[in-house]
Amino acid sequence: MRRLLVVIGALASMAIASIVLGLGVAPASAHALLTGSDPVDGAALRTSPAKIVLSYSESVRVPRDSIRVIDGAGRRVDDGHAGPGAKASQAAVSLRPALPAGTYVVSWRMISADSHPVSGAFAFGIGGPPAAGAAHAEGDTAGSPVVGFLFGAARFLGYVGIGVLLGSCVFLAVLWPSGFRAAGLGRLVAAAWGLTAVDAVAQLLLQGPYAAGLGLGGVVRWSVLSATVEERYGHLLLVRLLALMLAAPLLRRAVRMGTLDAWRRGELAMLGLAVAISLAAIGHGSAGDLVGLAVVSLTLHVIGMSIWIGGLTVIALVLIRQATVRELAIVLPRWSRLAMGAVIAIVLSGLFQSWREIGTLPAVIDTSYGRMLLYKVWAVVGMLAIGGLARRWVRQHFGDDAGSDAAPGAAALAGLRRGVVFELGVGAVVLGMTAALVNMVPARTSYAPPFTGTAIAGPMTVKVRVAPTRVGTESVDVYAQAPTGKPQKLVAATAELSLPTADLGPFEVPLDLAEVGHARSDRIQAPLAGKWQLRLTLRLNDFDQYVTTLFYTVR
């Protein structure tokens, strides 16, 4: 009993740490990024536009009420029928005709291709610029923090349930069929099956409120649930539930009979593959380039991690009961070889997915996604080290290195038990980090290091900073320095932006004078990637005006 309490306490504390890691990132982090809008943020239009068009970095799902346009009195001026634009990465909504002069706020909430909601707001004006701060005052599109927390917890528990279920089934069905009838292992499979099924239902109910930014009351609204069921995310969860239902009688038979024939083992394997694919096809693998290859790679990753985590869970439970250790001794050498194959699959698929989600080496250390991935790699390396020690222990006590009469003593078993429990704890942390990564913007999308450059304009030294350097809205800061080294007073500053390789522009960029020697704008729009030309015109007085040009790259 003391050993059981120690194991349960260690696993519980490590699981709590994993949940903290998995839920430490706000579940509503944006994955599709707004790359442009028509009209642009802060635009001063002469006449009323016919519609609002939003462009994103990847394809989005556009719910009917996902774009709202509000006038200065808080009244909606859109027709309430948002829909896709000319491209899969665009959304649009029509406006009422002949809108009067004033400030208008556009708030939006879309579903990105990887199932995460993205939201934001901006303002434009008719007959003049919009009122300062209008978008912040009227454009609150944040979702419910309670729903976000619960949805993040459900994702994490889904990883745990699937990992233990698939891994324990592989261990028992392939390596140790009679183990289905061992004390506690049948209950382990049943508990993992139940956790996976309940979690799938929870995600099915929570996805709608999570995506729509609703509170817990949205869980019981049929219109919200039906919207989830009709989309790809809902289809995959239903496939998972169906596979679990079909697997239930097979697992019950295995627990009762202690074995399965080859046909039923094959059927169970195909159902397990369906569960793994349903997890791999939700999230980052479903968006971006090489989607098919990404889903295959992630499926291998899920299966490899499940074999490792699930097998360790089975071994940990068996080691609690000394009576079944002798039976496990026959299986451990084969498990050690299978675990090594799982590790190879994890490493290779992880490398491919890391390249796909990061793209460039600097993005590893310059983005939150890259840094979290490094921590995950660190934890996986720790698991590999512990697993290597365990593999050597197995060879010494149960493999060819052991004598024919060799039998592990109590001290050796206690050491193995501690190693397995510790390895399981590190595995739980890895799953928590995986849950965190799913809820973060991939580094390939978020990486956009600021551009800093220096140029000469007449007697002045001009320093320029542009951030972020990616497609969409950017900010530019211009600092003018006199020959004495002090800030140079400016009476006016303007900029023009163009992309010579695509024959775009020049587009005029108004600069606001923030302080002495400093002009800035946060309304630059770079609609395409490439090497952009920024032409600055700085006026010192009625007679002296200087022009300088810089180039920077937009990703």
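This report describes a five-stranded sheet, a set of salt bridges and an internal cavity in one protein structure. The model is predicted.

## The sheet

Five strands make up an open sheet, and their order across it is β10-β11-β12-β16-β15. The pairing between them is antiparallel. At the edges stand β10 (residues 451-457) and β15 (residues 512-515). Each of these two strands has a single partner, so one side of each is left without a neighbour in the sheet. From one strand to the next, the twist averages 25°.

The edge strand β10 can be followed in more detail. Its partner is strand β11 (residues 460-467), and the two pair in the antiparallel sense over seven bridges. Within this pairing, F451 stands opposite V466 in β11. The two strands form a hairpin, with two residues between them. In the turn of that hairpin, G458 has a positive phi of about 60°.

Which residues of β10 point to one face and are buried, and which point to the other and are not? The side chains alternate along the strand. F451, G453, A455 and A457 point to one face and are buried, while T452, T454 and I456 point to the other face and are not buried.

## Salt bridges

The structure holds seven salt bridges. Three of them are listed below with the distance between nitrogen and oxygen.

| Salt bridge | N to O distance |
|---|---|
| R61 and E231 | 2.4 Å |
| R76 and D78 | 2.6 Å |
| D261 and R264 | 2.5 Å |

In the salt bridge between R61 and E231, the closest N and O atoms are 2.4 Å apart. R61 lies in strand β4 (residues 60-61), and E231 lies in the loop between α5 (residues 222-229) and α6, so the pair ties together parts that are 170 residues apart in sequence. The relative accessibility of R61 is 30%, and this residue therefore counts as partly exposed. E231, by contrast, is buried, with a relative accessible area of 9%.

In the salt bridge formed by the side chains of R76 and D78, R76 is partly exposed, its relative accessible area being 24%. D78 has a relative accessibility of 6% and counts as buried, because the cut-off for that class is under 20%.

The side chains of D261 and R264 also meet in a salt bridge. Here D261 counts as partly exposed at 35% relative accessibility, and R264 counts as partly exposed at 26%.

## The cavity

Rolling a probe the size of a water molecule over the atoms shows where empty space is left. How many cavities of 30 Å³ or more does the structure hold? There is one. The volume of the largest cavity is about 50 Å³.

Seven named residues line the largest cavity: R155, Y159, Q203, Y233, R240, L279 and I282. Two helices, α3 (residues 145-175) and α6 (residues 232-257), each supply at least two residues of this lining. By class, the lining of the largest cavity divides into four nonpolar residues, one polar residue and two charged residues.

Helix α6 also has a place in the account of the salt bridges, since E231 lies in the loop between α5 and α6.

Notes
Residues numbered from 1 in each chain as written. Predicted model: local features only at pLDDT ≥ 70, side-chain atom pairs only at ≥ 80, totals over all residues. Heavy atoms only, no water. 1 Å grid on protein atoms, 1.4 Å probe; cavity = no way out; pocket = protein on both sides within 12 Å on 5 of 7 lines; lining within 4 Å. Points joined across faces, edges and corners; volume = space filled by probe spheres on them. Helix = DSSP H or I, 4+ residues; strand = E, 2+ residues; numbered from the N terminus. Nonpolar A, V, L, I, M, F, W, Y, C, P; charged D, E, K, R; others polar. Pairing = 2+ DSSP bridges. Axes fitted to C-alpha atoms, helices over the stretch in contact; angles between N-to-C directions. Salt bridge = Lys/Arg side-chain N within 4 Å of Asp/Glu carboxyl O. Buried < 20%, exposed > 50% of the residue type's maximum accessible area, 1.4 Å probe, protein only.
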